[in-house]
Amino acid sequence: MSRFEFYNSQGLRIDGRRNFELKNFESSLTTTSNFNNFSRNSQSSTTYLQMGQNKILVNIDGPKEPTNSNKSKIDQDKAVLDININVTKFSKVNRQVSTNNNNSPDKQTQEWEFEIKRLFEKIIIMDSYPKSIINIAVTVLQQDGGILASIINCVSIALMNNSIQIYDIVTACSVGVVDQMHYLLDLNHLEEQFLTSGTIAVVGGSPTQNVEDANVCLLSFNDIFPLDLLDGFMMAGIKGCCTLKDIMVTQVKAMNINKLIEIQ
């Protein structure tokens with residue numbers, strides 16, 4: 001497809017954004033009592049994230065002592081991280097009848113669980129919680145492109161909301177390649193469907209930081225990716241992640257200030 005098919009005469013994308021413009025980003029903190037079917041036994045808070053039309057819930061249970069069924073997972077020196085992602089059947093833009101009758105995760109969800117587990121095992125200071133387990137439960141309520149990035153961002157915010165010790169904030173963004181000169185940030189469903197795309201995650205960073213100094217912690221591609229486009233892909237993605245970090249920090253501060261006001 002030519003790049004002009006993704007823009008109107010004013011240079012705007014399908015949803016009215018510019019090339020490097022992020023989706024609307026909103027997050028909030030609530031108690032699990034409002035989501036009884038989501039986590040009945042947890043006393044911790046639930047983080048809700050809406051990134052464009054992506055809607056995610058994340059609940060963190062722990063660090064805590066493993067139950068009898070999880071005793072085999074225990075590590076004497078550090079915590080064990082357990083990730084569970086539930087993608088609701090009504091979450092997709094194009095709903096299809098599922099052939100999965102036993103409600104087990106599909107291949108895509110299993111890949112997300114593996115990537116997120118491997119990522120946050122390096123971000124959480126696991127040595128601070130020996131002989132314990134941290135359960136992270138993710139529920140995808142609605143998805144409209146760039147869902148892996150939205151999940152990573154919501155988990156990152158949830159860790160801060162639950163006072164889990166981390167080395168730094170992780171931000172993630174999806175990037176699509178139109179051609180060698182044009183890249184799109186934070187893809188929607190239609191863009192993700194037709195473009196070569198992937199997800200990039202960065203630890204820390206700021207808008208004024210040099211791209212070469214960024215700490216990239218994840219690169220995930222949806223299909224075969226041309227290596228000659230990798231530099232442009234990473235430059236666009238890192239800038240998006242660094243911009244997103246400021247937004248996330250501001251929202252986390254606001255959420256926790258409101259939480260303190262409610263307690264008082």
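A crossing of two helices is called right-handed if the near helix is turned clockwise from the far one by less than a right angle, and left-handed if the turn is anticlockwise. In the predicted model described here, helix 1 passes helix 2 in a crossing of the right-handed kind.

Two packed helices are described by the angle between their axes and the distance between the axes. For helix 1 (residues 107-123) and helix 2 (residues 147-161), the axes come within 11 Å and cross at roughly 40 degrees. Angles under 35 degrees count as roughly parallel and those from 65 to 115 as roughly perpendicular; helix 1 and helix 2 are therefore oblique to each other. On the side of helix 1, the contact is formed by W112, E115, I116, L119 and F120. These residues meet I147, L148, I151, I152, V155, S156 and L159 of helix 2. By residue class, the contact of helix 1 with helix 2 comprises ten nonpolar residues, one polar residue and one charged residue.

Overall, the protein contains four helices and nine strands. Read from the N terminus, the order of these elements is β-β-β-β-α-β-α-β-β-α-β-β-α. Of the 264 residues in the protein, 47% are buried. Among contacts between residues at least 6 apart in sequence, 73% join residues at least 24 apart.

The largest nonpolar core consists of 60 residues. Within this core, F120, I124, I136 and I151 have the most contacts. Helix 2 gives the most to the core, contributing ten residues. Two of the residues with the most contacts in the core, F120 and I151, also belong to the contact of helix 1 with helix 2. With residues up to four places away in sequence left out, I136 touches V58, N59, I60, L81, D82, I83, N84, V155 and L159. Of these neighbours of I136, V155 and L159 are also among the helix 2 residues that meet helix 1. A second core, separate from the largest one, has six residues, including F6, Y7, V178 and L187.

T109 is located in helix 1. The relative accessible area of T109 is 5%, and a residue under 20% counts as buried, so T109 is buried. Beyond residues up to four places away in sequence, T109 touches I85 and V87.

Several features of the backbone geometry were also examined. The peptide bond from G62 to P63 is cis, with omega near 5 degrees. P63 is part of strand 3 (residues 54-64). A positive phi occurs at S163, which is not a glycine, with a value of about 60 degrees. S163 is found in the loop between helix 2 and strand 6 (170-179). With a relative accessible area of 59%, S163 is exposed. D186, likewise not a glycine, has a positive phi of about 55 degrees. The loop that holds D186 runs between strand 7 (182-185) and helix 3 (189-194). D186 is buried, its relative accessible area being 1%. The two loop residues with positive phi thus fall on opposite sides of the burial scale, since S163 is exposed whereas D186 is buried.

Terms used: Residues numbered from 1 in each chain as written. Predicted model: local features only at pLDDT ≥ 70, side-chain atom pairs only at ≥ 80, totals over all residues. Heavy atoms only, no water. Axes fitted to C-alpha atoms, helices over the stretch in contact; angles between N-to-C directions. Parallel < 35°, antiparallel > 145°, perpendicular 65-115°, else oblique. Contact = heavy atoms within 4.5 Å. Nonpolar A, V, L, I, M, F, W, Y, C, P; charged D, E, K, R; others polar. Core = buried A, V, L, I, M, F, W, Y, C linked by side-chain atoms within 4.5 Å. Buried < 20%, exposed > 50% of the residue type's maximum accessible area, 1.4 Å probe, protein only.
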